[in-house]
Amino acid sequence: MIRTRNLRKYFGSNHVLRGIDLTIEDGEVLVIVGSSGSGKSTLLRCLNLLEKPTYGSVFVDDVDITQPHVNINKIRQRIGMVFQQFNLFPNMTVLDNIKLAPKKLRKVSDRKANRRAKELLEQVGLANKANEYPQHLSGGQRQRAWIAMVLAQDARVILMDEPVNHLDMKYQVEVLALVRQLVQDFGKTILVVLHDLNLAAAFADTLVMMKDGGIHAAGPIGAVLTPA
């Protein structure tokens, strides 16, 4: 689904990514962990060119998206992203927030977008919040609404940068359990940056541990966490 080859990123003289080779399979749940400054968030952002790699390639379905002829906006329609600091439009209801991308980007009719948004709100447990405004939702509810927004784009891949970092433990577990269920229900490929190894162990198929801009260990979750 996604593959990187010799991916390198510099910010001035700071060598943030040091030759990353990584393959993410279709339908996989992959978690990236590492200390602050290890390069994990930069790697995630390079996968849809929110950060442009200095060297190396990123392949999505065997297309090198770093090449200048590639329509990156079209690629991004297949790769949704949930940020650590997420924002819903405060002047719009939850339902209208979710309808926005399908109507604007894919020219879906209001009736079809409305039906799909209600289905997704049901899926993420917010059916009774459709007509609420974001300021009336809890942090966990706002994050679930954001996930529904990403799903409404029909993205095949969802990149999540510390999606539960600002939530208390109850909501962290709740949101990640929801994401895991959505993988099964919708057949999505999920890449998540997490800071908590215990959460990663309960959530991931594959674990990537980063250190000093490189991959320190990678593989099935049990193999990486079980000493040889």
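This is a short chat about ring contacts and the largest pocket in a predicted model.

Reader: How many aromatic pairs does a search of the whole structure find?

Author: One aromatic pair turns up in the whole structure. The partners are Tyr10 and Tyr55, whose ring centres are 6.3 Å apart.

Reader: And why does that pair count as edge-to-face?

Author: The planes of the Tyr10 and Tyr55 rings are at 90°, so the pair is edge-to-face. The cut-off for that class is over 60 degrees.

Reader: Where in the chain do the two residues sit?

Author: Tyr10 is in strand β1, residues 2–11, and Tyr55 is in strand β4, residues 55–60. They are 45 residues apart, so the pair links distant parts of the chain.

Reader: Is Tyr10 buried or exposed?

Author: Neither label fits: Tyr10 is partly exposed, with a relative accessible area of 31%.

Reader: What lies over the face of Phe59?

Author: Arg3 does, at 4.2 Å from the ring centre of Phe59.

Reader: Switching to pockets. How much space lies in the largest one?

Author: The largest pocket holds about 430 Å³. It is lined by 19 residues, and the closest to its centre are Arg76, Met81, Ala101, Leu105 and Gln153.

Reader: Which elements give two or more residues to that lining?

Author: They are α2 (72–76), β6 (79–82), α3 (94–105) and α5 (139–152). Helix α3 gives the most, with four residues.

Reader: What is the lining of the largest pocket like by class?

Author: It has 11 nonpolar residues, seven polar and one charged.

How values were computed. Residues numbered from 1 in each chain as written. Predicted model: local features only at pLDDT ≥ 70, side-chain atom pairs only at ≥ 80, totals over all residues. Heavy atoms only, no water. Phe/Tyr/Trp six-rings, centres within 6.5 Å; stacked < 30°, edge-to-face > 60°. Buried < 20%, exposed > 50% of the residue type's maximum accessible area, 1.4 Å probe, protein only. Lys NZ or Arg CZ within 6 Å of the ring centre and 35° of its normal. 1 Å grid on protein atoms, 1.4 Å probe; cavity = no way out; pocket = protein on both sides within 12 Å on 5 of 7 lines; lining within 4 Å. Points joined across faces, edges and corners; volume = space filled by probe spheres on them. Nonpolar A, V, L, I, M, F, W, Y, C, P; charged D, E, K, R; others polar.
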